[in-house]
Amino acid sequence: MDKNKLRKKVDEQTAHYSTTMRHWSERRRKRYERYTKEPVLPLFCRICFICMPVATACGIISDVAAYLRSHAYGLEKMLQNAAATAFFVWAVFSAMLIPAALVQLRRGFAGAYFDRYQVSRKGKMPLSPEKVFRRYWLIAVIGLLLFMMIFLFTRML
């Protein structure tokens, strides 16, 4: 291979590599800018809202599985443990979700982040952010009251 062909090949590879790296760095910069402009509180509320029933179900399932594995204690004790687990797990996530949802409701929903809730691509109107956060708050409070009543009822048995 002569020097001109080798130099041309090296230049083509360098140009390709430089273009790839430039595009990669631009995508990284745009992604960073997009994430820094998004508010943290709506994502935190969504994570708490999703984890609340999932963690509660996991806790109840683990209590029932422990009872089925060992039968070391009676059915009443298993119900008490499952109710206590459900109440305390729901209470932990509710303690985070209720104030966060109220803060977001008080702050309002003006901003570029909440503009995406206006009209979807298909033309359907999604729930407004205000209704979503009211639903978060309402489900957390109702679930907390419900699990507290079940917890107190099983303690009276």
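There's one salt bridge in this structure, and the model you're looking at is a predicted one. That bridge pairs R134 with E130, and both residues sit in helix α4. From there, this briefing moves along α4, over to helices α2 and α3, and on to a loop residue with a positive phi.

**The salt bridge**

- Look for R134 and E130: their closest N and O atoms are 2.8 Å apart.
- The two partners are four residues apart in α4, which is about one turn of the helix.
- That spacing fits a general rule: an α-helix has 3.6 residues a turn, so residues three or four places apart point the same way.
- R134 is partly exposed, because its relative accessible area is 48% and the cut-off for exposed is over 50%.
- E130 is partly exposed too, with a relative accessible area of 36%.

**Helix α4**

- Helix α4 covers residues 129-156.
- How far should its 28 residues span at 1.5 Å a residue? The expected figure is 40 Å, and the end C-alpha atoms of α4 are 41 Å apart, which agrees.
- The buried residues of α4 are P129, V132, F133, Y136, A140, G143, F147, F151 and T154.
- What do those buried residues of α4 pack against? They pack against α2 and α3.

**T154, a buried spot in α4**

- T154 belongs to α4 and counts as buried, because its relative accessibility is 7% and buried means under 20%.
- Leaving out residues up to four places away in sequence, T154 touches L79, Q80 and A83.
- K77 is 77 residues from T154 along the chain, yet their C-alpha atoms are separated by 8.8 Å.

**How α2 and α3 sit together**

- Helix α2 takes in residues 40-70, while helix α3 takes in residues 75-107.
- Their axes come within 9 Å and cross at roughly 180°.
- Angles over 145 degrees count as roughly antiparallel, so that's the label for α2 and α3.
- Sorted by class, the contact of α2 with α3 has 25 nonpolar residues, six polar ones and two charged ones.

**Two residues to find in α2 and α3**

- T56 is in helix α2.
- Is T56 buried or exposed? T56 counts as buried, with a relative accessibility of 4%.
- Not counting residues up to four places away in sequence, T56 touches C51, A86, V89, W90 and F147. You've met F147 already, as one of the buried residues of α4.
- A91 is part of helix α3 and counts as partly exposed, at 22% relative accessibility.
- The C-alpha atoms of A91 and G143 are separated by 8.8 Å, although the two residues are 52 residues apart along the chain. G143 is another name from the buried list of α4.

**The loop between α2 and α3**

- Which part of the chain holds H71? H71 is in the loop between α2 and α3.
- Phi of H71 is near 50°, a positive value, and H71 isn't a glycine.
- For background, most residues other than glycine have a negative phi.

Definitions and conventions:
Residues numbered from 1 in each chain as written. Predicted model: local features only at pLDDT ≥ 70, side-chain atom pairs only at ≥ 80, totals over all residues. Heavy atoms only, no water. Axes fitted to C-alpha atoms, helices over the stretch in contact; angles between N-to-C directions. Parallel < 35°, antiparallel > 145°, perpendicular 65-115°, else oblique. Nonpolar A, V, L, I, M, F, W, Y, C, P; charged D, E, K, R; others polar. Buried < 20%, exposed > 50% of the residue type's maximum accessible area, 1.4 Å probe, protein only. Contact = heavy atoms within 4.5 Å. Salt bridge = Lys/Arg side-chain N within 4 Å of Asp/Glu carboxyl O. Expected span 1.5 Å × (residues − 1).
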